[in-house]
Amino acid sequence: MSGRRSSGDHRVGGRKRTPFSSTRKSGKKRGPSGGAFVTPLMVIFSLFYLWPVLQSLISSFFTWGLLRPWDLFDRSTWQFAGVDNYRRTLSDPEFWHAGANSLLWLVLFPLLVVGISLVMAVAIWHARRWSVLFRTVFVLPMTISLAAAGVIWSFVYNSDSHIGVLNAVLKALHLQGTLDIGPLHLNTTGQWLADPGTLNLGFYDVRLVNVFVIIAAAWAFAGYGVITFSAGLASLPQELIDSARVDGSGTVQVVRHVIVPHLRKPMRIVFVVSVIFALRTFDIVYVMTQGGPNTDSTVLGLLPWQQAFAFLTSPQAGQASAVAVLMSAVLIALGFPYLKSMLPRKESR
């Protein structure tokens, strides 16, 4: 009896094999491959992303407009322009002016979002008793669209002191007037979205109307940073804080040497997302200033709309596509180093 093996006990090559192992192996062979799961996603991605991108890229080499549409499959609509759209775009002073305003957004907007949201997140994390209330108050602006935020801040900046909150406060404090401090010329008489002043950098005059629009956008976007930093603070070991307290570190030292280094990756994420948003911003600028006064607050995201939609009879949609292609190239150039840094690095042997 000891030499007899049960029907469910088989040994192959000295190893015990059960009926379940053969079933498991055969299941792997009959299972669907990974391509079957990826194919539907790739089809959707190609139809709704790659194909529009390809059409936009090709259409930038033709002259067309909304009343003179361009169709890839209808040669009668083709009016080939070659690189003339790109040449006209790169030689247009309005394009470079919008690029300078977008550069101001790229510098100031991420710094404001990261700074404001970091201070808010640390304050919420530190005030544990009122954290739920503070988190609701600070994150609430994120629940509204940027267009709605633009409408709200248009009332804040309204030149009428009976409507505009900012002008009412300045009038009550008797702070309305003109302020000149070095290269800064600030007009506090209430024209915040018209002529609030300039900042002379020597080689370029920054129109402060852009700064006030950026402040409104940072207020609306800071909730994203608060959520991201709060998630990072939730993973902060309490032992590090206790050790720093035992060593005699104050609140400023704890924030500087413990909390901020722990939030380096969330800060990078918030910064990169803010840069991408700053380059393609459109809605809040359109709602608050429509690129005015004149072109003082026009950004690159607003320029294609002005060229393609503002003048329907003017066939400038091809040039608008060229602007969109150039913006996409800049986004790729800015985003590629970040995406590359997020990939796992192979350890050298």
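This note goes through the fold, sheet, aromatic pairs, salt bridges and backbone details of a predicted model.

1. **Overall make-up.** The model is predicted, so local features are taken only where pLDDT is at least 70. The chain has 349 residues, and 34% of them are buried. Its secondary structure comprises 14 helices and 6 strands. The accessible surface is about 21800 Å². Carbon and sulfur atoms account for 65% of that surface.

2. **Contact range.** Take the contacts between residues at least 6 apart in sequence. Of these, 59% join residues at least 24 apart.

3. **The sheet.** Which strands make up the open sheet, and in what order? There are 4 strands, running β3-β4-β5-β6, and the pairing is antiparallel. The edges are β3 and β6. Each has a single partner strand, so one side of each has no neighbour in the sheet. On average, neighbouring strands are turned by 15° against each other, direction ignored.

4. **The β5 and β6 pairing.** Strand β5 covers residues 197–200. It pairs with β6 in the antiparallel sense over 3 bridges. One residue pairing can be named here: Asn200 has Asp205 in β6 as its bridge partner.

5. **Helix α8 on the sheet.** Helix α8 packs on this sheet. It touches β4 (184–187), β5 and β6. The direction of α8 makes about 45° with that of β6.

6. **Aromatic pairs, and one that spans the sequence.** The whole structure holds 18 aromatic pairs. One of them is Tyr157 with Phe212, an edge-to-face pair. The ring centres are 5.6 Å apart and the planes make 75°. What does this pair tie together? Tyr157 sits in the loop between α6 (146–156) and α7 (165–172), while Phe212 belongs to helix α8 (residues 208–234). The two are 55 residues apart in sequence, so the pair ties together separate parts of the chain. Is Tyr157 buried or exposed? Tyr157 is buried, at 4% relative accessible area. Phe212 also counts as buried, with 12% relative accessibility.

7. **A pair within α8.** Phe221 and Tyr224 form a tilted aromatic pair. Here the centres are 5.7 Å apart, with 40° between the planes. Both residues lie in helix α8. They are 3 residues apart, so about one helical turn separates them. Phe221 is buried, with a relative accessible area of 14%. Tyr224, at 22% relative accessibility, is partly exposed; the cut-off for buried is under 20%.

8. **The ring cluster.** Phe221 and Tyr224 also belong to a cluster linked by ring pairs. Its other members are Trp105, Phe109 and Phe277.

9. **Salt bridges.** How many salt bridges are there? The count is 2. In one, the side chains of Arg87 and Asp84 meet at 2.4 Å, N to O. Both residues are in helix α3 (residues 84–90). With their positions 3 residues apart, they are separated by about one helical turn. Asp84 is partly exposed, with a relative accessible area of 31%.

10. **The long-range salt bridge.** Asp296 and Arg207 meet in a salt bridge at 3.9 Å, N to O. The cut-off is 4 Å. This pair links distant parts of the chain, 89 residues apart. Asp296 is in the loop between α12 and α13, and Arg207 is in strand β6 (residues 205–207). Asp296 counts as buried, at 15% relative accessibility. Arg207 is partly exposed, at 33% relative accessible area.

11. **A cis peptide bond.** Where does the cis bond fall? It joins Gly292 and Pro293, with omega about -5°. Pro293 is in the loop between α12 (283–288) and α13 (303–310). Asp296 of the salt bridge is also in the loop between α12 and α13.

12. **Positive phi.** Gln290 has a phi near 55°, a positive value in a residue other than glycine. Gln290 too is found in the loop between α12 and α13. His174 is another non-glycine residue with positive phi, about 60°. It lies in the loop between α7 and β3 (178–181). His174 is exposed, with a relative accessible area of 72%.

Key
Residues are numbered from 1 along each chain as its sequence is written. This is a predicted model: local features need pLDDT of at least 70, side-chain atom pairs count only at pLDDT 80 or more; totals for chains, interfaces and linings use all residues. Side-chain values use heavy atoms; hydrogens and water are left out. Rings of Phe, Tyr and Trp (its six-membered ring) pair if their centres lie within 6.5 Å; planes under 30 degrees apart count as stacked, over 60 as edge-to-face and the rest as tilted. Buried means under 20% relative accessible area, exposed over 50%, partly exposed in between (1.4 Å probe, protein chains only). Contact means heavy atoms within 4.5 Å. Accessible areas come from the Shrake-Rupley method with a 1.4 Å probe; for residues, only the protein chains shown count as cover. Two strands pair if DSSP finds at least two bridges between them. Axes are lines fitted to C-alpha atoms, for helices over the stretch in contact, and angles run from 0 to 180 degrees between N-to-C directions.
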